[in-house]
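Reader: I am new to this and would like some help finding my way around. Could you walk me through it, one feature at a time?

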There are 2 protein chains.
Amino acid sequence: MTDSRHTRIRSTARDVAQALGVSQSTVSRAFTEDASVSPQTRAAILRMAGSMGYKPNALARGLITNRSKIVGLVSGSVGNPFYADALQRFSQHLQQRGYQTLLFTAPAGHDVDALLPVVLQYQVDAVIVLSAPLSVATAEACERANTPVILFNRSLSGAKAHTVACDNMASAALVADWFAALDCRRLAFVAGRDDTSTNRERLQGFSSRLRERGMPLWRVVAGGDFTYEAGYRAMQTLLTTPDDAPDAIFFANDIMALGGIDALKLDQETASPRRPHTPSIVGFDGIAMGGWASYQLSTIVQPLEEMVAAAVRIVTDPPPEGQLVEAKLPGTMMVRVSASAPPASPEQSTRAAVLL
Amino acid sequence: MTDSRHTRIRSTARDVAQALGVSQSTVSRAFTEDASVSPQTRAAILRMAGSMGYKPNALARGLITNRSKIVGLVSGSVGNPFYADALQRFSQHLQQRGYQTLLFTAPAGHDVDALLPVVLQYQVDAVIVLSAPLSVATAEACERANTPVILFNRSLSGAKAHTVACDNMASAALVADWFAALDCRRLAFVAGRDDTSTNRERLQGFSSRLRERGMPLWRVVAGGDFTYEAGYRAMQTLLTTPDDAPDAIFFANDIMALGGIDALKLDQETASPRRPHTPSIVGFDGIAMGGWASYQLSTIVQPLEEMVAAAVRIVTDPPPEGQLVEAKLPGTMMVRVSASAPPASPEQSTRAAVLL
DNA sequence: GTGAAAGCGCTAACAC
DNA sequence: GTGTTAGCGCTTTCAC
């Protein structure tokens, strides 16, 4: 009926109003939580709306209220299950609080800055940036557009953006403590992308705690990125000098650690002579796969649920104008077979790493 | 300046127009591909817009054009990496064609039908349903709202919805063929959720091809759902009668197969006496983890990129009114170590399955 | 090629 | 409690 140029015949508030002989604004009120409408009128309107398939147009509402109830979620790659998980939780939390998630992903090799103009065109109430760096210029553009930016698991010094992250430094220190408890001596760190704050902070937290304890950081291997393959290759690098392998390795994230474990397994079976012991391995993130039987990965578990909740809270209950939230939540050490006991004989630790 | 009730001071077309002494409609034209504006005016407007940080409000545009350029992507769980991958590709493809992705995920245990009213409120140009069943009633509600529905990897007989899926029947038949080539005799199928079309079709394709070949389907195990844990337990079930284990197992998806492989590994090491041979294992999906060193999973690879492209094409170039697309794309068999050779002695096949 | 005017569907004063 | 009115930011006739 009220069709315009394109075919989209959804009924409008006016249709409902006409059908009931009330005014269009009364219909609007019936759909607004605490507007003054008599219970009867509201009931009648809701009933009629139901039968006509009417629901308020969220876009039109956003236009006038100046709040779209849409949050832009900008993400790098979701190849890492940790971010797939985060994505899902964000969507859930926002949904539950009446917000919707407009998803943007950066094409491989591009960074997310290019996406932001488009995000802003959709009048999002906030932008959440996941696992990706953001330039200061872009952050400022958002500020000019009056759109709060929340960096999730990344920090950006000097920029006008909220940040929510795991306390990487403190958590990484726990790994150093654990390796000390296991009496490991030759310690290695496998880095991810070294232009990320996560990578830098994890390395720094690990190495400073070691320094405090008077333990040397024996070796740092550049992984290149945060992938399984990078972890696999890094482990191969660590094993090239057979007599001189590390006895404990901290990987910058879980996926890399899984690659490392696989490379190690292969080495265990083919190397001759057998190595004197199996190195302990610890990751970072707490992805589900780390708990799988083939891996039994010890790791730092990020408090993902709390982190997501904290980020969403910034959207739903914004802090006073000009005030920036900087939340750092504590990670917890989860000990599994991959780093559960002092270095032992090959048989024993092979059994542990490979079988359980 | 033109602020209203809430604080959102983004500049509007009118601001740009005033600054330049042109009319607001001219500004609008400058941002419309083939509208009649003189090159000079357009250039001036674009320059001024750039410096003022103006971009057309996509919501207001959608309100009047009746096309929001937003697609609702409704998903069950993204715990399965196959769907995380699909999600990312959808977002990319849509973005590239000027559409945005509004993401909705169903809370665990709930189905997606409850989400659709909200999706429709956002005036999406189409709804894509990922890995989740949709009731006929809901599909009809979308039809009434004139919003096309695309079911991805699920079918819904009798409903007014487009479907894009892998040809599960034909692909599952390939698995039967391969098991036949390997001369396997005792064949098992591990099912996922049996209220899903994917599960039913994979089982049916597998079993009918076996029947055609005169081979019995030795056993069907109910997994319960499509998770790692379900696959793990199913394998344990299959191994309870030691002398009577299957020599080939087809899992309804990859994640389950990985669970199965892990359960099998544990059994290989602990069972005494050792089993006569290691069963061949095949999964379905083609997730990256299947290629990891610990698993080397043989599987049916779904043509995900093509499937996503096909689904997106329905959105961007809609078929003639009333015509429903039903795309079934072929899967391909990917042979890896988990099902690479006829059943062999324990040593040999253990090496193969565990180490490579 | 450009401006004036109408109106997309809705909310929010403002009257009564 | 309800109707009337204005107007969110934009696209699109319709004049000129």
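Author: Happily; we will take the contact between the protein chains, and then the DNA strands. Please keep in mind that this is a predicted model.

Reader: How many residues does each chain give to the contact?

Author: Chain A brings 70 residues and chain B brings 68.

Reader: And what area do chain B and chain A bury between them?

Author: The general idea comes first: the size of an interface is often given as the accessible area lost when the parts come together. Here chain B and chain A bury about 6300 Å² between them, and 53% of that is on carbon and sulfur atoms. On the side of chain B that touches chain A, the elements giving at least two residues each include α5 (81-96), β2 (100-105) and α11 (254-270). By class, that side of chain B has 34 nonpolar, 22 polar and 12 charged residues.

Reader: What are the counts of salt bridges and of residue pairs in polar contact between chain B and chain A?

Author: The salt bridge count is 0, while 26 residue pairs are in polar contact, counting pairs with both residues at pLDDT 80 or more.

Reader: Do the strands β2 of chain A and β2(B) run parallel or antiparallel?

Author: They run antiparallel, with 3 bridges joining them. To see one of these on your screen, find Thr101(A), whose bridge partner in β2(B) is Leu103(B).

Reader: Now the DNA. Which residues come nearest to DNA strand C?

Author: Of the 28 residues around DNA strand C, the nearest are Ala13(A), Ser28(A), Thr26(B), Arg29(B) and Ile64(B). Sugar and phosphate make up 61% of the strand's atoms that come within 4 Å of the protein. A good one to look up is Arg29(B): an N or O atom in its side chain is 2.6 Å from a base nitrogen of DNA strand C. In Thr41(B), a side-chain N or O atom is 2.7 Å from a phosphate oxygen of the strand.

Reader: Which element gives the most residues to the surface near DNA strand C?

Author: That is α4(A), with 5 residues.

Reader: Which residues are closest to DNA strand D?

Author: They are Ser25(A), Thr26(A), Arg29(A), Ile64(A) and Ser28(B), out of 28 residues that surround the strand. Here sugar and phosphate account for 59% of the strand's atoms within 4 Å of the protein. A polar side-chain atom of Ser28(B) lies 2.5 Å from a phosphate oxygen of DNA strand D. For Thr41(A), the distance from a side-chain N or O atom to a phosphate oxygen of DNA strand D is 2.8 Å.

Note on methods. Residues are numbered from 1 along each chain as its sequence is written. Chains are lettered from A and ligands numbered from 1 in the order in which they are written. Side-chain values use heavy atoms; hydrogens and water are left out. A residue is near a molecule or strand if one of its heavy atoms lies within 4 Å of it. A polar contact is a pair of N or O atoms within 3.5 Å; within protein, one must be able to donate a hydrogen and the other to accept it, and residues adjacent in sequence count only if both atoms are side-chain atoms. Contact means heavy atoms within 4.5 Å. Buried area is the accessible area (1.4 Å probe) that two parts lose on being put together, summed over both. A salt bridge is a side-chain nitrogen of Lys or Arg within 4 Å of a carboxyl oxygen of Asp or Glu. Helices (H or I, at least four residues) and strands (E, at least two) are DSSP runs, numbered from the N terminus. Ala, Val, Leu, Ile, Met, Phe, Trp, Tyr, Cys and Pro count as nonpolar, Asp, Glu, Lys and Arg as charged, and the others, Gly among them, as polar. Two strands pair if DSSP finds at least two bridges between them.
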